[in-house]
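Visitor: I have a few minutes before my next gel. Can you walk me through this one?
Guide: Gladly. Have a look first, then ask.

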Amino acid sequence: LSAQALLEGGVDITGEKPKPVDYDLARDVDLVVTLGREARLDPLPGTRVENWDTDEPSERGIDGIERMRLVRNDIDKRVRHLLHTLTTATP
């Protein structure tokens, strides 16, 4: 259902599968964002790690594709805010 909800928004992940974090890559970036309450990442010196505990509509009785659309929209809003923050920050 998550792939279907993303495809509705123009993002095709149907050929993708979850992958473990590549710690070599994560050490070379400024920020790593994890999603969900269960996401855990070992500390990375010099790399900021931020966890986005996304809205969980199933706790309010919303399930199925509608649940995934709400989660998708929550993540989209956060990504847009992060983009704005990163592109308007003063050096």
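Visitor: Is Thr-47 buried or exposed?
Guide: This is a predicted model, so everything here is computed from predicted atoms. Thr-47 sits in the loop between strand 1 and strand 2. The cut-off for buried is under 20% relative accessible area. Thr-47 has 9%, so Thr-47 is buried.

Visitor: Which backbone oxygen does the side chain of Thr-47 reach?
Guide: Look at the contacts of Thr-47 beyond its neighbours within four places in sequence. They are Ala-26, Arg-27, Val-29, Asp-30, Leu-31 and Val-32. One of them supplies the oxygen, which lies 3.1 Å from the side chain of Thr-47: the backbone oxygen of Val-29.

Visitor: How confident is the prediction, as a mean pLDDT?
Guide: Among the elements, helix 1 has the highest mean pLDDT, 93. Helix 2, residues 23-26, has the lowest, 90. Over the protein, 97% of residues reach 70 or more, and the mean pLDDT is 88.

Visitor: What pattern do the elements follow along the sequence?
Guide: The protein has three helices and two strands. Read along the sequence, they give the pattern α-α-β-β-α.

Visitor: How many bridges join strand 1 to strand 2?
Guide: Strand 1 covers residues 31-35 and strand 2 residues 48-52. In one opposed pair, Thr-34 stands across from Asn-51 in strand 2. The two strands run parallel, and the bridges joining them number five.

Visitor: Which residues form the covered face of strand 1?
Guide: Strand 1 has two faces. Leu-31, Val-33 and Leu-35 make up the uncovered one. The covered face is Val-32 and Thr-34.

Visitor: Is Thr-34 buried or exposed?
Guide: Thr-34 belongs to strand 1. Leaving out residues up to four places away in sequence, Thr-34 touches Ala-39, Leu-41, Glu-50, Asn-51 and Trp-52. Its relative accessibility is 11%, so Thr-34 counts as buried.

Visitor: Which side chain makes a polar contact of 2.8 Å with the side chain of Thr-34?
Guide: Start from the strand pairing. The residue opposite Thr-34 lies in strand 2. That residue is also on the contact list of Thr-34. The side-chain partner at 2.8 Å is Asn-51.

Visitor: How far apart in space are Leu-41 and Val-21, C-alpha to C-alpha?
Guide: Leu-41 lies in the loop between strand 1 and strand 2. Leu-41 is buried, at 17% relative accessible area. Val-21 is among the residues that Leu-41 touches, along with Tyr-23, Val-32, Thr-34 and Val-49. Leu-41 and Val-21 are 20 residues apart in sequence, and their C-alpha atoms are 8.0 Å apart.

Visitor: Is Asp-28 buried or exposed?
Guide: Asp-28 lies in the loop between helix 2 and strand 1. Gly-46 is 18 residues away in sequence and 8.8 Å away in space, C-alpha to C-alpha. The cut-off for exposed is over 50%. Asp-28 has a relative accessible area of 67%, so Asp-28 is exposed.

Visitor: What is the distance between the end C-alpha atoms of helix 3?
Guide: Helix 3 takes in residues 64-88, 25 residues in all. At 1.5 Å a residue, helix 3 should span 36 Å. The model agrees with that, because the end C-alpha atoms are apart by 37 Å.

Visitor: What covers the buried residues of helix 3?
Guide: The buried residues in helix 3 are Met-68, Val-71, Asp-74 and Leu-82. An α-helix has 3.6 residues a turn, so residues three or four places apart point the same way. The cover includes helix 1 (2-8), strand 1 and strand 2.

Visitor: Which backbone oxygen lies 2.6 Å from a polar atom of the side chain of Thr-88?
Guide: Thr-88 is found in helix 3. Thr-88 is partly exposed, with a relative accessible area of 46%. The oxygen at 2.6 Å from its side chain is the backbone oxygen of His-84.

Visitor: What share of the residues counts as buried?
Guide: The C-alpha trace spans about 40 × 30 × 25 Å along its principal axes. The accessible surface comes to about 7,100 Å², with 54% of that belonging to carbon and sulfur atoms. Of the 91 residues, the buried share is 18%.

Methods
Residues are numbered from 1 along each chain as its sequence is written. This is a predicted model: local features need pLDDT of at least 70, side-chain atom pairs count only at pLDDT 80 or more; totals for chains, interfaces and linings use all residues. Side-chain values use heavy atoms; hydrogens and water are left out. Helices (H or I, at least four residues) and strands (E, at least two) are DSSP runs, numbered from the N terminus. The expected span of a helix is 1.5 Å times one less than its number of residues. Buried means under 20% relative accessible area, exposed over 50%, partly exposed in between (1.4 Å probe, protein chains only). Contact means heavy atoms within 4.5 Å. A polar contact is a pair of N or O atoms within 3.5 Å; within protein, one must be able to donate a hydrogen and the other to accept it, and residues adjacent in sequence count only if both atoms are side-chain atoms. pLDDT is the predictor's confidence in each residue, from 0 to 100. Two strands pair if DSSP finds at least two bridges between them. Accessible areas come from the Shrake-Rupley method with a 1.4 Å probe; for residues, only the protein chains shown count as cover.
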